[in-house]
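Hi,

Here is the structure I said I'd pass on. Have a look at it first, then read on for what turned up.

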Amino acid sequence: MKRILTLAAAVLSLASVSAFAADGKLTGYISDSMCAAKHMGTGAACVKKCMDGGDSPVFVDAASKTVYKIDNPDAVKAFWGAKVDVSAATSDDKKSVHISSIAEAK
């Protein structure tokens with residue numbers, strides 16, 4: 001019985017670790033949760049207005065138009081409305097992203 005519980009605990013801990021993919025390089029836009037992909041490329045003023053209204057920042061993948069909630073929103077404050085390159089771990093089941101580095105896309 002102890003072996004089964006130990007095995008079950010090991011499987012559950014591995015499952016929680018694999019919930020986030022390894023850091024990958026993504027290009028997209030920092031937008032707001034209300035307009036998300038509709039704001040791609042409209043600039044910081046529009047996104048800032050929505051953010052000041054209480055929305056939260058999101059990352060919109062430029063290639064797939066997938067919208068991800070940002071787990072660490074302070075990391076993107078200087079990039080509202082900008083097209084960016086990020087290194088990030090994504091969680092597809094939660095549709096979230098944890099950004100480890102960010103730079104304006106060239």
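Where along the chain is the place of Asn 72? You'll find Asn 72 in the loop between β3 and β4. Keep in mind as you look that this is a predicted model.

Before going further with that loop, here's the overall picture. The protein has five strands and two helices, and if you walk along the sequence you meet them in the pattern α-β-α-β-β-β-β. There are 106 residues, and 34% of them are buried. The protein exposes about 6600 Å², with 61% of that supplied by carbon and sulfur atoms. Now take the contacts between residues at least 6 apart in sequence: 59% of those join residues at least 24 apart.

Next, the strands. Strand β5 covers residues 96–104 and runs parallel to β3 (residues 67–70), with two bridges joining them. β5 also pairs with β4 (residues 83–91), but here the strands run antiparallel and eight bridges join them. Try finding Val 97 in β5: Val 97 is the bridge partner of Ile 70, and it is also the bridge partner of Thr 90. β4 and β5 form a hairpin, with four residues between the two strands. In that turn, look for Lys 95, which has a positive phi of about 50°.

Back to Asn 72. Is this residue buried or exposed? Its relative accessible area is 16%, so Asn 72 counts as buried, the cut-off being under 20%. What does it touch, leaving aside its neighbours within four places in sequence? Asn 72 is in contact with Val 97, His 98 and Ile 99. You can also see the side chain of Asn 72 reach the backbone oxygen of Ile 99, at 2.7 Å.

One last stop: how many salt bridges does the count come to? The count is one. Lys 48 forms it with Asp 52, and their closest N and O atoms are 2.8 Å apart. Both residues sit in helix α2 (residues 44–52), and because they are four residues apart there, about one helical turn separates them. As for how open they are, Lys 48 is partly exposed, at 40% relative accessibility, while Asp 52 is exposed, at 54%.

If you want a route through the model, start with Asn 72 in its loop between β3 and β4, move on to Val 97 and Ile 99, two of its contacts, and finish at Lys 48 and Asp 52 in α2.

Cheers

Methods: Residues are numbered from 1 along each chain as its sequence is written. This is a predicted model: local features need pLDDT of at least 70, side-chain atom pairs count only at pLDDT 80 or more; totals for chains, interfaces and linings use all residues. Side-chain values use heavy atoms; hydrogens and water are left out. Buried means under 20% relative accessible area, exposed over 50%, partly exposed in between (1.4 Å probe, protein chains only). Contact means heavy atoms within 4.5 Å. Accessible areas come from the Shrake-Rupley method with a 1.4 Å probe; for residues, only the protein chains shown count as cover. Two strands pair if DSSP finds at least two bridges between them. A polar contact is a pair of N or O atoms within 3.5 Å; within protein, one must be able to donate a hydrogen and the other to accept it, and residues adjacent in sequence count only if both atoms are side-chain atoms. A salt bridge is a side-chain nitrogen of Lys or Arg within 4 Å of a carboxyl oxygen of Asp or Glu.
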